[in-house]
Amino acid sequence: AGPASAASGPASAAAPSGGKKEIRPGMSANEVRTLLGKPKEEVVFGAKSIWTYPAFTVVFEGAKVVEVKF
């Protein structure tokens, strides 16, 4: 895990080890998988997909992050 950015409005998730991990709009699916690991569930509908993790979901459109729902 790298240092977290102080950018305005980032969605952050606590890492299992207690570190901080940051998800930013526009991140690729590969970047998210590297940062957070494999999702609990992955649902694909056309150009959209939703990855479910224990505490939140990540919404992708066109293979890029567009939203995080807590």
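Accessible area is here the area obtained by the Shrake-Rupley method with a 1.4 Å probe. By this method, the protein chain has an accessible surface of about 4700 Å², and carbon and sulfur atoms account for 56% of that surface. The views below all show a predicted model.

**Figure 1. Overview of the protein chain, with one helix and six strands.** Along the sequence, these elements follow the pattern β-β-α-β-β-β-β. The protein chain has 70 residues, of which 31% are buried. Of the contacts between residues at least 6 apart in sequence, 24% join residues at least 24 apart.

**Figure 2. The open sheet, with strands in the order E3-E4-E5-E6.** The pairing of these four strands is antiparallel. Strand E3 (41–45) and strand E6 stand at the edges; each has a single partner strand, so one side of each lacks a neighbour in the sheet. From one strand to the next, the twist averages 20°. In general terms, the strands of a sheet pair through backbone hydrogen bonds, in either a parallel or an antiparallel manner.

**Figure 3. Helix H1 against the sheet.** H1 lies across E3, E4, E5 and E6. Relative to E4, the helix runs at about 0°. H1 spans residues 29–36 and gives three residues to the largest nonpolar core, the subject of the next view.

**Figure 4. The largest nonpolar core, made up of twelve residues.** Its members are Ile23, Met27, Ala29, Val32, Leu36, Trp51, Tyr53, Phe56, Val58, Phe60, Val65 and Val68. Helix H1 (29–36), strand E5 (57–61) and strand E6 (64–69) each give two or more residues to this core, and H1 gives the most. In soluble globular proteins, nonpolar side chains tend to be buried together.

**Figure 5. Surroundings of tyrosine 53, a member of the largest nonpolar core.** When residues up to four places away in sequence are not counted, tyrosine 53 touches Val32, Leu36, Gly37, Lys38, Pro39 and Val58. Among these neighbours, Val32, Leu36 and Val58 also belong to the core.

**Figure 6. Strands E4 and E5, joined by five bridges.** The two strands run antiparallel and form a hairpin with four residues between them. Tryptophan 51 has valine 58, in E5, as its bridge partner, and both residues are part of the largest nonpolar core. E5 is mostly covered, with four of its five residues buried.

**Figure 7. Serine 49, a residue of strand E4 (residues 48–52).** What relative accessibility does serine 49 have, and how does it count? The value is 12%; because buried means under 20% relative accessible area, serine 49 counts as buried. Residues up to four places away in sequence being left out, the contacts of serine 49 are with Val43, Val44, Val58, Val59 and Phe60.

**Figure 8. The hairpin of E5 and E6, with two residues between the strands.** Five bridges join E5 to E6, and the two strands run antiparallel. Among the pairs, valine 59 has glutamate 67 of E6 as its bridge partner, while glutamate 61 is partnered by lysine 64, also of E6. Glycine 62 of this hairpin takes a positive phi near 60°.

**Figure 9. Alanine 63, in the loop between E5 and E6.** Which sign does phi of alanine 63 take? Phi is near 65°, a positive value in a residue other than glycine. For comparison, most residues other than glycine have a negative phi. Alanine 63 has 45% relative accessibility and therefore counts as partly exposed, the cut-offs being under 20% for buried and over 50% for exposed.

**Figure 10. The salt bridge of arginine 33 and glutamate 42.** A search of the whole structure finds one salt bridge, and arginine 33 and glutamate 42 form it. Their closest N and O atoms are 3.4 Å apart. Arginine 33 counts as partly exposed at 33% relative accessibility. Glutamate 42 is likewise partly exposed, with a relative accessible area of 41%. As a general matter, side chains of opposite charge can pair when their charged atoms come close.

Note on methods
Residues are numbered from 1 along each chain as its sequence is written. This is a predicted model: local features need pLDDT of at least 70, side-chain atom pairs count only at pLDDT 80 or more; totals for chains, interfaces and linings use all residues. Side-chain values use heavy atoms; hydrogens and water are left out. A nonpolar core is a set of buried Ala, Val, Leu, Ile, Met, Phe, Trp, Tyr and Cys residues joined through side-chain atoms within 4.5 Å. Buried means under 20% relative accessible area, exposed over 50%, partly exposed in between (1.4 Å probe, protein chains only). Contact means heavy atoms within 4.5 Å. Two strands pair if DSSP finds at least two bridges between them. Axes are lines fitted to C-alpha atoms, for helices over the stretch in contact, and angles run from 0 to 180 degrees between N-to-C directions. A salt bridge is a side-chain nitrogen of Lys or Arg within 4 Å of a carboxyl oxygen of Asp or Glu.
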